[in-house]
Amino acid sequence: RIVYVHGQFVPEEEARIGLFDRGFLFGDAVYEVTAVIAGRMIDNDLHLARLERSLKELGIPLALARPDIVAVQTELIARNALQDGTVYLQVSRGEADRDFFYPATLAPRLVGFTQAKTLTGTKAQQNGIAVDLAADPRWQRRDIKTAMLLGQVMAKQAARARGFDDVWLVEDGLVTEGASSTAHVITADGSILTRAASQATLPGCTQRALARLCAAEGLHIEERAFTPAEAQDAAEAFQTSASSLVTPVVRIGDRVIGDGRPGPRTRALQALYLEAAG
Ligand code: PDD
């Protein structure tokens with residue numbers, strides 16, 4: 001694989017990150033994952049807008065314009081002949097001797113790589129997945145897409161050990177989001193529920209793109225938080241992310257959703273999203 005590190009495209013074996021990179025020492029870095037289908041990036045404008053926002057919130061001054069970032073992504077896709085998968089970008093605050101305080105003069109570091117994987121027609125998308133419920137272990141600024149992901153790593157690993165495919169996180173009696181996805185439920189009367197944007201969750205690009213498509217179809221997504229019990233009582237459930245697109249959820253904790261198979265409304269949303277992406 002050819003990867004991108006601080007201005008250069010190199011074979012992954014030759015890529016070097018500094019020991020004192022703050023991304024490595026403090027998780028002081030932000031990232032984005034963009035889906036690639038048939039060689040084309042999906043919803044990339046939304047991802048780059050969110051990257052810019054994350055950088056701004058943390059005061060990381062990346063001196064690269066959006067077209068320059070797109071050029072890096074495009075070259076990564078081309079050099080790796082990527083058809084289906086993801087392109088990952090990470091910006092760290094820079095390198096300095098270890099100190100919680102950072103000087104204003106640091107040069108941010110941009111790295112990127114591709115991952116080849118099938119995103120459409122997967123078993124998870126066809127049959128749906130089982131998600132566990134667990135307390136949200138993360139910090140209070142989940143609207144910033146930081147590379148500080150240990151909470152998600154531990155929650156996902158624990159869910160897998162309990163026999164689940166993924167996990168939805170819960171705080172103050174409400175579902176925040178999936179560990180690496182946006183959580184959605186569809187009630188018996190057909191309302192699609194998604195939590196409104198706040199600092200409690202990452203504003204999902206896939207969710208946003210889907211909401212636009214729904215609006216164009218006259219379908220309304222109601223932005224409100226829901227409880228774990230509401231989720232478990234829902235007619236249908238699904239999660240969205242750049243790496244899983246629209247994935248049906250057929251079990252939440254110990255409760256089967258609907259008849260245990262992806263529901264018709266979720267199927268329709270999946271088709272709507274794929275049609276636009278394809
Ligand atoms: N994660 N919420 C969290 C906590 C996430 O990590 C992600 C994405 C999402 C969905 O966002 P989007 O639709 O923009 O991908 C929501 C990526 C895929 C990851 O960490 O690999």
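Pro 203 sits in the loop that links strand 11 (192-194) to helix 6 (205-216). Helices here are DSSP runs of H or I with at least four residues, strands are runs of E with at least two, and both are numbered from the N terminus. The model is a predicted one, so local features need pLDDT of at least 70, side-chain atom pairs count only at pLDDT 80 or more, and totals for chains, interfaces and linings use all residues. Residue numbers start from 1 along each chain as its sequence is written.

Is Pro 203 buried, exposed or partly exposed? With 19 other C-beta atoms within 10 Å, Pro 203 is partly exposed. On this scale a residue is buried if 20 or more other C-beta atoms lie within 10 Å of its own, exposed if 12 or fewer, and partly exposed in between, with C-beta atoms placed from the backbone. Leaving aside residues up to four places away in sequence, Pro 203 touches Arg 50, Asp 143, Ala 197 and Arg 208. Two residues are in contact if their C-beta atoms, placed from the backbone, lie within 7 Å. Ile 144 is 59 residues from Pro 203 in sequence, yet their C-alpha atoms are 8.7 Å apart in space.

**Two domains and their contact**

The domain assignment gives domain 1 (2-116) and domain 2 (123-277); such bounds come from an automatic or database assignment. Taken over C-alpha atoms, the centres of domain 1 and domain 2 are 26 Å apart. Between them, 20 residues of domain 1 are in contact with 14 residues of domain 2. On the domain 1 side, the elements that give two or more residues are strand 3 (29-37), helix 2 (44-58) and strand 5 (85-92). Which of these gives the most? Strand 3 does, with eight residues. By class, the side of domain 1 that touches domain 2 has nine nonpolar, seven polar and four charged residues. In this count Ala, Val, Leu, Ile, Met, Phe, Trp, Tyr, Cys and Pro are nonpolar, Asp, Glu, Lys and Arg are charged, and the others, Gly among them, are polar.

**The nonpolar core**

In soluble globular proteins, nonpolar side chains tend to be buried together. Here, the largest nonpolar core has 55 residues, and Val 131, Val 167, Ala 237 and Val 249 have the most contacts inside it. A nonpolar core is a set of buried Ala, Val, Leu, Ile, Met, Phe, Trp, Tyr and Cys residues joined through C-beta atoms within 7 Å. Strand 14 (residues 245-252) supplies the largest share of this core, five residues. Each of domain 1 (2-116) and domain 2 (123-277) contributes at least three residues to this core. As for Ala 237, its contacts are His 184, Val 185, Ala 231, Val 249, Ile 252 and Ile 257, not counting residues up to four places away in sequence.

**Two helices, each with a buried side**

Helix 3 (residues 66-79) has 14 residues and reaches 20 Å from its first C-alpha to its last, close to the 20 Å expected at 1.5 Å a residue. The expected span is 1.5 Å times one less than the number of residues. Ile 69, Gln 73 and Leu 76 are the buried residues of helix 3. Why do they share a side of helix 3? They lie on the same side because they cover an arc of only 60 degrees around the axis, where the arc is that of the directions from the helix axis to the C-beta atoms. Pro 67, Asp 68, Ala 71 and Ala 78 are exposed on the other side of helix 3. The cover over its buried residues includes strand 1 (2-5), strand 4 (40-41) and strand 6 (109-116), among others.

Helix 5 (residues 150-161) has 12 residues, and its end C-alpha atoms are 16 Å apart, in agreement with the 16 Å expected at 1.5 Å a residue. Ala 155, Lys 156 and Ala 159 are buried in helix 5. They cover an arc of only 95 degrees around the axis, which puts them on the same side of helix 5. Leu 150, Val 153, Gln 157 and Ala 161 are exposed on the face turned away from that buried side. Strand 7 (129-135) and strand 8 (166-171) are among the elements covering the buried residues of helix 5.

**Positive phi values**

| Residue | Phi | Place |
|---|---|---|
| Asp 43 | near 55 degrees | loop between strand 4 and helix 2 |
| Leu 245 | near 50 degrees | strand 14 |
| Ala 81 | about 45 degrees | just after helix 3 |
| Gly 163 | about 95 degrees | just after helix 5 |

Asp 43 is buried, with 22 other C-beta atoms within 10 Å. Leu 245 is buried as well, with 25 other C-beta atoms within 10 Å.
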